[in-house]
Each structure stands twice: as C-alpha cells, then as structure tokens.
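Here is a short briefing on a two-chain model. Keep the structure open while you read.

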Amino acid sequence: MRRFYFDHNATTPVSQPVLEVLVSALLEVPGNASSIHQDGQLAKQRLEAARREMAALLGCEPKELVFTSGGTEADNLAILGSVQANGSPHKHVITTAIEHPAVLNPCRELERTGMDVTYVRPASDGLIDPDDIRRALKPETMLVSVMHANNETGTLQPIAEISALAHEAGALMHSDGVQAAGKIPVDVEALGVDLYSISGHKFYAPKGIGALYVKNGTKLRPIQFGGKHERERRPGTENVPSAVAMEKAAAFARDTLPIETARLEALRDRLETGILARVPDSGVNGAGERTPNTTNIYFDGLEGEALVISLDLKGFAVSSGSACSSGAVEPSHVLLAMGLAPERARASLRFSLGASNNAEQVDALIDAVVQSAAQLRKLSPTYTSA
Amino acid sequence: MSGGVDSSVVAGLLQRRGQRIVGLTMQLWNQRRLPELVPEGGATGRCCSLDDVYDARHVAQHLGIPYYVVNFESGFEEQVVKPFIDDYLAGRTPIPCTLCNNFIKFDQFLDLASGVGASRIATGHYARIGFDDASGRYQMSRGADHSKDQTYFLFGLKQEQLARTDFPLGGYTKPQVRELARELGLPVAAKPDSQEICFVPNGDYAAFIDAYFRERGIAPEKTQGEIRDTNGRVLGEHTGVHHFTVGQRRGLRVAAGEPLYVIATEPASQRVIVGRDEDLLRAKLSAKDMNWISIAPGTVTAGAPIRAQVKIRNRHLAAEATVYPIGNNDATRIEIHFDEPQRAVTPGQAAVLYDGELVLGGGWIE
C-alpha cells in the first residue's frame, strides 16, 4: 500500500542532500574533534564550519551555539543549567501549560527540588497573553520559558514581547524553538531570547542532533559531566557528521523557506477547507498566526485514537494527543489547557505537512478522513448528527 | 493481544488462514498508579504492563501485522474498577472479568474494531460459538479444554456481540495451544499463564481497595465491625467487610473449637457472620439480569421450568438444578432449585446455566 506521511511535526525523513552530506562526513571525517592530530583537526574544522553556518542562520555568533543530542537535551540544559548557574536567591520559574514534556518535566523536576514554578495557561485560541506573563513575574523570577511554536496547533507565541517583559523583571528568557526552526524564519536577536532550543530531525536532518543558543554572558552550568567539549557546557565526543548534516538541512530550509512556506500553507488550507466543508461537526483548534504546515482539527463524537488507526490502515500517518509509555494515546495536554472539553480533546487530530506532500495526497487524505469519520461516528454511542 | 500465549496464537492461526488481521492491545490500567502495591523488584504478569505490551508488539512484528495499543483506561475505571470496589463494600464478591467483557471488550472495544474497519474481533478465550439454524440464534459452548473453559466469564454476551466474535482456541487444549505457539515460532511460546485479576497485584484486592481510596483522597466510611456467629454472639472484630467473601476461612482471627467460615457479610451493620461449614449450604438461589444465550429468553416460563447444570463460581462443578422464572418478563430474574444443596452461594458472583456443553445463559446471584 502507498503510504502518505502527514506527521512532520513528529519527525521528518532525512532529505537526499542531507543524506549525502551525512554519509560523506561519516566516511571522510572519522576523527575525534578533540584530538590534536590532523584527523582530529579535520573533524574540528568541519564541526566549527557547521557551527558558523548554523549561527549565521539563527542570527547569532558561533560561540553562542552548543550542539546537543536533540531538542530534549537542549531544553533540559537551558532550564536546569541556567537555574543551577543562577539559582538562589532567585527561586521562581515561569513557563506555560502548553510546553512540550521536554520543558514541562525539567520544570517539575525543579519543583521537586524546592523551586516555585508558575504554569501560565493560554487563551482558548492557544495564545499566551504577555500580560499573564507580566502578572506572574516576581522579583525572585529567574527564568521564563515559552515555546516559539506549539507542536500540536502550530500557534506562534509573542516571544519578542515576552522576552522584553522577562528582561525588564531581571529574568532570563528561554524559548523552545523545536517546532519553529526550519518552518519559519528564526532570528534569536530579534526574538530577544537568552536561550533557544532547536532539533535537527524536525527539518530533515537526522535524529540525535540539536542545538542550544546561549547568548553571550548567560551563565550556564552543564547538566552532564565529562570532558571539556562545547566550551565546558556539554561534554561528550562531538557528533560531527550529524552537526554537518543539520547545518546542511538548515541551509536548505532557509533557501527554500519563502517558496515552501507558501506551498505548505496552500496545502494546509486546502486540507482544512476540504475537511471542514465535508465533515460535519468538525473545526479547527486554535487561531491566530501558525506555522504554515500545521492544523489541528476536532471531529466531535469520535475518538481521535480510532481515527488515527483507521487512517493508518488506509495508508495515512497522522497523530492525536501524545503517546504514553505503552504506546496508547492520552488526550493532548495542550488542547486541555486551551480549555477544550476532554471529549473534544480526545476527538482531535493533528495534521502536519512537509516536503513529501502534494495536492493529490491532500485530496486523498480528505477523502479518507471523510470516510473514516463517517464510519466511526456510525458506531459512536455519543454522536448524533445535527 | 495481551502479550500472552493464547491471544498470540489466535493472531498466528488467523494469519495462517489468510485472514487480514490487525493486532490490538487494550490499555486498561495505568500501572504507575498505586505504586505502594507494586512488590519490590517490580510487578510481573500484570495486565497492561510494559513487558506485556512489549511481548504483544514483538508477536505482531513476528507475524508482520499492523499493531496498536488502544486506551480504555477511563472506561475501565468507570465500568469495571469502581463497580468492583462498590460491590465489595456492599458485601458482594464481584467478577471484574465479566464486567470488562460486557462493557469494555465486547462493547467499546468491539465498536472501535468495527470503526477502524474490522468486520470481526477474535480473542484467546477458551469457549466456542456456533449458529443454530433451527432457532436462528448464536450459541455458546464450553471450551474443549474444560480446565481452561472461560464461558463462566462470558455469559453476558448478546447475540449481536456473538455475531461479530471468534474464539479460535475453543476447540484446543492448552497444551495444544502451547504446541501451536512453538510451531508458529512465536516469541512468547514459553511465557507462563497469567493469573488472578489483572489490575490487582498478588490477588490482594482488599489492599487494592484501600490504596485506591488513599489515592482518591476518600476516607471510606467506618469499615470496621463485629464478627458474629449465627446465634448473634460476638466473636471478634474485623477491619472491613470488603476483606471477606462468603465461604472464606482464612483471616478471621477468631478462636473457636471448630473451623469457622464466613456465611454472610452485612454491609449495613458492618457485620461479618461466621458459622460451620454446613451452615454454608443452600438449596436455592435467585439470580437477576439474566442474559439468555443458547435459548431464547421466552423459553423458560412458569409453566415450563427447565433443567440445567448451574455453576455458581468459576471453579464450581456445575450442579443439577431446576430453573424457574420469577415474574413474567422473559425470565430476566430466575430462581434456581438445586437437587443437592450447594456450598457458599455468594452474592455478586454469577449463576451460569449449562445444558451439557451448551451455555444456556447466566445472571448475577442476588
């Protein structure tokens, strides 16, 4: 069966140009970037070249970029590392209820060690109101962490405005940019953040590579301990091939961004319009500015989990909620935080488009959704069509 | 697919027959809850444990079939766990597996399967389903392996559920199923059988109920009370009627010249009544919410009582009896008169009626 992939916010396949760079680096740059011999020097050169290019793409200096194993490590390093370096007497952190678990769970860990954490809730459109951040700020607030783009709704948050508020109050500003980088232009200086996380596999680089932007002068302690790599902020032998591959993927994303944004936006809108026109009692979750590739749609009266399975068996990969450790689906904490009724949160699906999708696939997906939703609703004890 | 041998063999058999199949595992209970119940070194062989999901996924991969874990946690808690607790607190001894079969597995789960495009579901139960042309009814009979027969837990299945269900293991014995598992090369062929109630570790249901209340922050109303004998004499104290079930001997902690058994629990007064073994004998019982399977509901009438063999708990040897309807409403309530008195008729358990191999129907002992 042909398979169509509409889950690019979960991960993306490595693109051909990235694959070629990755393989050639694996073959031709076998050295350890920390070794002093020429093999090591070659690796170091390639690593630093990748860092320079990545820095240029994000609008920062090369030394402000720390390579990590991915988005989760970047978020953990930003939150735990900055709190440990700047801790007492600053005992308060602000984040939001719609963050990825890679931000929420380090914050819960901070709570266990005695810090006070405020989880600001979004409005029903999914947007964080900067005034709510302002009200949550206290003299002892040391860090504000707000995601740039939400993974489930695509909603873009007013990061620059929130950064300014955090700085006014003397707090550091972190943003999880995992779902923004590669999808929208990112300029860390314009955003005004001190810390910014990205993950390569969300924009066609391999899994297992990411980066944390750390603004010059920002105090940060490592959260793992080992060698003196990455300016003593992140120990471990540098993953040169993946860093080189991520740089290539980022450059490709920048070069194609204007065209790809328009293309994905048109496809996303085609999908949204098609579904809303043909499936009764459905609607879009969230409003406002979004990443161009993402839409989150509810289908009242059915279980999103069943719809995901039904579509998967028809060859379409989409997602609903978040997977618990067994692989079963739990309702999205993001949609619940936006105030959706639990039934509607469970009845919601995320569609995230990417490079492989085209209009023909979108039309096939619409047909499949129409068919699957009707089939599931026929058996639903709670659904009666209006 | 539970990750056990039986449901894994079902998947293997159906695939060998050329059926297009999808593997599903029901996530019923979050094993991170009530951590105080998990023995040191971790729980094993409990439903929905990550190990079991791992095994089920491994089998699905081995067979090359699509596989999903589906979440029924909230339905399971509302329709199985809570009624299970309520029953114990009300002095009844519940059968959660039957509630799960009636309200989750052959209801919500069956609907989900239909919803994603499956025409039927198949499970690893030891029971058989047939269709009787004469009466136009689906009939159920005991599994060929009487030691594994699970029809006692399946008495609640309705005709429309039976019409969409297969029990491919009904004709096999457990040793044959293990042999099939080896033959199919299944990675779980040597896995031990699971035991007891899936969400209750070590079978200690009273500890589960106590832990559940603590988690919910509910202080149960006064649960301690007196242990009395059949003459009303106070013999001791107990910590809650939910610790006792009719016929139980252990855990009474009262001294007497002869072995004492629980005869009844009285939740209203929080009394546990104990007596001698022969005090447990009952010649008749009444059962409600009867579900008739292999015969039509109207078959049993006041003028035409039927003969049946009746099981009053899973490990009970079915006893000969005459069955009378109570009232005139398609025998939804019945009275069962045993030829010989039966020991420990327990409210909350089921009375399941057989005619030889055939499951006539069943209901809940009042």
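In this predicted model, strand β11 (residues 281–292) of chain B pairs with strand β14 (residues 334–343) of chain B. The two strands run antiparallel and share six bridges. The points below follow β11(B), then chain B as a whole, then the contact with chain A and one residue of chain A.

**Strand pairing in chain B**
- Within the β11(B)–β14(B) pairing, L285(B) has I336(B) as its bridge partner.
- β11(B) also pairs with strand β16 (residues 358–365) of chain B.
- That pairing is antiparallel too, with four bridges.
- N291(B) faces G362(B) of β16(B).

**Overall build of chain B**
- Chain B holds seven helices and 16 strands.
- Its radius of gyration is 22 Å, and the globule rule gives 21 Å for 366 residues, so chain B is as compact as a globular protein of that length.
- Along the principal axes, the C-alpha atoms of chain B fill a box of roughly 65 × 55 × 35 Å.
- Of the 366 residues in chain B, 43% are buried.
- Take the contacts in chain B between residues at least 6 apart in sequence: 65% of them join residues at least 24 apart.

**Domains of chain B**
- The domain assignment splits chain B into domain 1 (5–124 + 168–203), domain 2 (231–275) and domain 3 (282–365).
- Domain 1 is written as two segments, 5–124 and 168–203.
- The C-alpha centres of domain 2 and domain 3 of chain B are 28 Å apart.

**Where chain A meets chain B**
- The contact involves 14 residues of chain A and 16 residues of chain B.
- On the chain A side, α10 (304–313), β13 (329–330) and α13 (359–378) each supply at least two residues.
- Which element of chain A gives the most to this side? α10(A) does, with five residues.
- By type, the chain A side has seven nonpolar, five polar and two charged residues.

**A43(A) and its surroundings**
- A43(A) sits in helix α2 (residues 38–58) of chain A.
- Is A43(A) buried or exposed? A43(A) counts as buried because 24 C-beta neighbours lie inside 10 Å, and the cut-off for buried is 20 or more.
- Leaving out residues up to four places away in sequence, A43(A) touches V29(A), G31(A), N32(A), A33(A) and V240(A).
- One of these, N32(A), is eleven residues from A43(A) along the chain, with 6.3 Å between their C-alpha atoms.

Terms used
Residues are numbered from 1 along each chain as its sequence is written. Chains are lettered from A and ligands numbered from 1 in the order in which they are written. This is a predicted model: local features need pLDDT of at least 70, side-chain atom pairs count only at pLDDT 80 or more; totals for chains, interfaces and linings use all residues. Two residues are in contact if their C-beta atoms, placed from the backbone, lie within 7 Å. Ala, Val, Leu, Ile, Met, Phe, Trp, Tyr, Cys and Pro count as nonpolar, Asp, Glu, Lys and Arg as charged, and the others, Gly among them, as polar. A residue is buried if 20 or more other C-beta atoms lie within 10 Å of its own, exposed if 12 or fewer, and partly exposed in between; C-beta atoms are placed from the backbone. Domain bounds come from an automatic or database domain assignment. Two strands pair if DSSP finds at least two bridges between them. The radius of gyration is taken over C-alpha atoms; the globule rule is 2.2 Å times the number of residues to the power 0.38.
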